[in-house]
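User: I am new to this structure and would be grateful for a close look at a single part of it. Please describe that part and explain how it sits among its surroundings.

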Amino acid sequence: MRSPEWPVAPLGGLSSNSASARYGSPAGGGQASPPAPPVAAPPPYRPPGAPQSGPGTAARSEPRGKPPIPVKILIAGGFGVGKTTTVGAISEIAPLTTEALMTTAGIGVDDPGTRSAKTTTTVAMDFGCVTIDRSLKLYLFGTPGQARFGFMWEDLARGALGALVVVDSARLDDCYPAIDFFERAGLPFVVGVNAFDGRLAHDLGAVRWALAIGDHVPLVRFDARDRLSVRDALLVVLDRALDRATRERGT
């Protein structure tokens with residue numbers, strides 16, 4: 001089918017709608033012009049600030065540093081002393097918690113103290129992590145506080161380099177089992193007295209005497225709700241663990 005505007009070309013002639021008929025023959029005796037040089041493909045996209053590479057630029061690659069050394073630290077103590085709060089305050093990830101609502105079955109068994117409004121309890125463990133620097137990363141494991149979950153402490157302590165024993169100065173008797181556990185296990189630990197409401201029921205000297213811990217065991221005051229305060233307490237744990245490892249390497 002032909003358009004009426006395009007008359008039929010004579011036999012052997014050019015079609016009226018061909019490029020030569022409509023626009024004329026190219027110069028040079030009707031010979032076809034040489035093909036145009038190929039157009040170079042555009043360079044691949046690189047985001048601003050990315051290192052460039054090419055014929056005139058030497059490829060540059062930044063050396064990858066070693067991954068940080070993982071260090072396992074336990075956050076231990078009695079029931080309702082602030083272990084879960086401690087992990088949550090410092091963790092750089094959303095902490096893993098196993099909190100369950102306290103029920104009437106726990107009345108007389110789980111006593112958080114008169115000052116506490118605690119309605120949940122850890123039934124397995126808490127987990128969080130925090131990067132100290134490029135070479136060190138702490139993995140924090142919070143232990144359950146109730147005596148009936150004590151069988152888990154052995155598993156949680158396996159591979160740990162140290163522990164922070166959280167203490168409520170108003171309920172010192174709740175932390176004795178934790179201190180006894182780490183003394184028997186020979187694991188370096190630091191006693192951290194949690195300042196509930198910003199105050200202590202007893203000063204640190206009286207707490208050390210009541211717990212019967214030696215001068216070689218660091219005793220610090222901290223606030224489990226404050227990130228920087230928790231960081232300082234963990235650095236003391238880390239320092240004690242490194243000191244222990246250095247002394248053992250030298251013997």
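Analyst: The following account introduces the chain briefly and then turns to helix H4 and its surroundings.

This is a predicted model, in which local features need pLDDT of at least 70 and side-chain atom pairs count only at pLDDT 80 or more, while totals for chains, interfaces and linings use all residues. Residues are numbered from 1 along each chain as its sequence is written, and side-chain values use heavy atoms, leaving out hydrogens and water. The mean pLDDT (the predictor's confidence in each residue, from 0 to 100) of the protein chain is 76, and 61% of the residues score at least 70. Over residues 102-109, pLDDT stays under 50.

The protein chain contains six helices and eight strands; helices (H or I, at least four residues) and strands (E, at least two) are DSSP runs, numbered from the N terminus. Of its 251 residues, 35% are buried, where buried means under 20% relative accessible area, exposed over 50%, and partly exposed in between (1.4 Å probe, protein chains only).

Helix H4 spans residues 176-185, and its buried residues are Ala178, Ile179, Phe181 and Phe182. These residues lie on the same side of H4 because they cover an arc of only 160° around the axis; the arc is that of the directions from the helix axis to the C-beta atoms. An α-helix has 3.6 residues a turn, so residues three or four places apart point the same way. Pro177 and Arg184, on the other side of H4, are exposed. After the helix comes Gly186, with a positive phi near 70°.

What covers the buried side? The cover of the buried residues of H4 includes strand E1 (69-77), helix H3 (152-157), strand E6 (162-168), strand E7 (189-194) and helix H5 (204-211). Phe182 shows this in detail: leaving aside residues up to four places away in sequence, Phe182 is in contact (heavy atoms within 4.5 Å) with Leu74, Ala76, Trp153, Ala163, Val165, Leu187 and Phe189.

Phe182 also belongs to the largest nonpolar core, which has 28 residues. Such a core is a set of buried Ala, Val, Leu, Ile, Met, Phe, Trp, Tyr and Cys residues joined through side-chain atoms within 4.5 Å. The members that touch the most others are Leu74, Val165, Ile179, Phe182, Phe189, Val191 and Leu211. At least two residues of this core come from each of E1, H3, E6, H4, E7 and H5, and H4 gives the most, with four. A second, separate core of 22 residues includes Ile90, Val166, Val230 and Val237.

Helix H5 deserves a similar look, as its buried residues pack against H4, E7 and strand E8 (219-222). Val207, Arg208 and Leu211 are the buried residues of H5. An arc of only 100° around the axis holds them, and therefore they are on the same side of H5. The face turned away from that side carries the exposed residues Gly205 and Trp209.

The approach to H4 remains. The loop between E6 and H4 contains Arg171, which counts as buried because its relative accessibility is 11%. The side chains of Arg171 and Asp174 are joined by a polar contact of 2.3 Å. A polar contact is a pair of N or O atoms within 3.5 Å; within protein, one must be able to donate a hydrogen and the other to accept it, and residues adjacent in sequence count only if both atoms are side-chain atoms. Cys175 is buried too, with a relative accessible area of 1%.
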